[in-house]
Amino acid sequence: MSFTATLRGHAAAHAEKTALVDDRVRLTYAELGRLAERVAAGLAARGARPGEVVSSVLPNRAEAAVLFHAAHRLGAVLNPIVPIYGAREIRFILRQAESAAVVVPGRFRGVDFPALVARVRPDVPSLRDVLVVDDLEALPQADGPGGEGPDPNRVAVILYTSGTTAEPKGVLHSATTLAAECRATIGHHRLGADDVLVMPSPVSHISGLLYGILLPAVLGATSVLMEVWDPERFCVLVERERGTFSAGATPFLQGVVDLPHLDRFDLRSLRLFPCGGADVPPALIRRAIRRLGVRSGRGYGSTEFPSITSSAGPDVPPGEIELRDAGGRAVATGREGEIWARGPELFLGYRDARLDAEAFDERRFFRTGDLGVLDADGYLTVAGRVKDIIVRGGEKFSAKEVEDLLFEHPKVRSVALVPMPDARLGERAYAFVVPADERDPPTLPELVRFLEGLELSRRKLPERLELVDALPATASGKVQKHVLRERIAARLRREGRS
């Protein structure tokens, strides 16, 4: 599937239909198609070439959608970066991706992005062009052919995700893998051209990219982008635009369900709100069905493999799942094992190809790093994680990255970062610290200021601190984080928060 050809077809077939709505503009399919072509030519005029990486740190605005279609039409590789990343992560991503250009807003959520890029630019030798874009008119535009899109099997998008490594991992997707995910989602949810997709997830995240930009363009449907999450604003948009579909991490669905004055809004058009990206309590799904009248359920996937499973049940093709023990052998039905999966939506590999050897086996099954149990009817229960990550509000980050930075603090002898269950965000970071000097231990504000000074993203900051004499460890010195998780659970029970 060519996203370029699909958009061109919709622009010709129903030119005046609304394609995209954000907080400031409405675009028809004719306008979106025309802008994509002119911006593709504008990027080319500024020196961007097919195969080169164009990065963007844009919020959920029309500019982000236009840029995707323009870069894709040109044959460039788009690298969307979530705006919550700090200078540390953005520097690493631009450098590893070898970005030729980066597109940023002037200021968003208190961050001066031109100043941030100016700080990291000396460390990114490939970066030739920085574009500051706060509206559609600021995107580069020119007359002339913008291209026909890349080979569908070549890399089209690089998305960065944090996992077990201390640095973000660049996930490579092609138009073919992304289109396969679109087809599977359309078939499962029975989506069509009349649907209106209201999207709070960042379009620089796999879920936002799929549901906010790609799926609407494939369907010829309407996308409504939310720049900043607010559950009341979400309800206003659903009512005004007659939204039919939304999707996102637990906090989005919970925020809507928990609105005390939900009955003020006419949400009868909304029929689907799948949830994923973090732990999804069954009680939340039941409340969503009852209060919103929608079909909801949990999906299980990742940036690498967007839909490993869905709430549809075991008869949804075409992914394959195997559960294996630590030695790589298949486990019996009903027994816990590590989840391996493959399917047409599976990514091509990592930007750092050295990571591929651990990620894939010889049959191209992907090692998820998650533990699960598969029952006799084919239903998968995700039981935990092999990978040492924290999932806060649907966004994953590496505990090791934060631990490595905290270890540099002069008052820290050793540290372990562990996920603390949280009703709203799924998990928060809980830091266990052995002080270097028990007479002068660090405080949580001190550690937070230290990490902020290293330009770490705010979402990764520890939100609770416990000072300990020693960290529980195996004979080989490996920290027993399950013991610390049990300790957190006991403390939450004592506080009446379990």
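Arginine 428 sits in strand S21, which spans residues 426-435. Please bear in mind throughout that this is a predicted model. Arginine 428 has a relative accessible area of 16% and therefore counts as buried, the cut-off being under 20%. Its side chain makes a polar contact of 2.8 Å with the side chain of aspartate 422. Leaving out residues up to four places away in sequence, arginine 428 touches Ile390, Arg392, Val418, Pro419, Met420, Asp422 and Glu463.

Let me turn to the strands around this residue. S20 and S21 run antiparallel and are joined by 10 bridges. Between them is a hairpin connection of three residues. Aspartate 422 is paired, through a bridge, with glycine 426 of S21. As for S20 itself, eight of its 11 residues are buried, so the rest of the structure largely encloses this strand.

S20, residues 412-422, is also part of what covers the buried residues of helix H12. The cover of H12 further includes H4, strand S18, S19, helix H13 and helix H14. H12 is mostly covered, with six of its eight residues buried. These six are Ala399, Glu401, Val402, Glu403, Leu405 and Leu406. At the N-terminal end of H12, serine 398 acts as a cap: one of its side-chain oxygens lies 3.2 Å from the backbone nitrogen of lysine 400.

Strand S19, residues 395-398, contains glutamate 395. How far away is the nearest side chain of opposite charge to this buried glutamate? It belongs to arginine 459 and is 4.2 Å away, and glutamate 395 has no salt bridge. A salt bridge would require a distance within 4 Å. Setting aside neighbours within four places in sequence, the contacts of glutamate 395 are Ile84, His205, Ile390 and Arg459.

I close with helix H4, residues 87-97, whose buried residues are Ala87, Glu89, Ile90, Ile93, Leu94 and Ala97. Why do these residues line one face of the helix? Viewed down the axis of H4, they fall within an arc of 160°, so they share one face. In general, an α-helix has 3.6 residues a turn, so residues three or four places apart point the same way. The cover over the buried residues of H4 includes helix H12 and helix H5, together with strands S3, S4, S5 and S9. Directly after H4 comes glutamate 98, which has a positive phi, near 55°.

Note on methods
Residues are numbered from 1 along each chain as its sequence is written. This is a predicted model: local features need pLDDT of at least 70, side-chain atom pairs count only at pLDDT 80 or more; totals for chains, interfaces and linings use all residues. Side-chain values use heavy atoms; hydrogens and water are left out. Buried means under 20% relative accessible area, exposed over 50%, partly exposed in between (1.4 Å probe, protein chains only). Helices (H or I, at least four residues) and strands (E, at least two) are DSSP runs, numbered from the N terminus. The arc is that of the directions from the helix axis to the C-beta atoms. Contact means heavy atoms within 4.5 Å. Lys and Arg count as positive and Asp and Glu as negative; His and the chain ends are not counted. A polar contact is a pair of N or O atoms within 3.5 Å; within protein, one must be able to donate a hydrogen and the other to accept it, and residues adjacent in sequence count only if both atoms are side-chain atoms. Two strands pair if DSSP finds at least two bridges between them.
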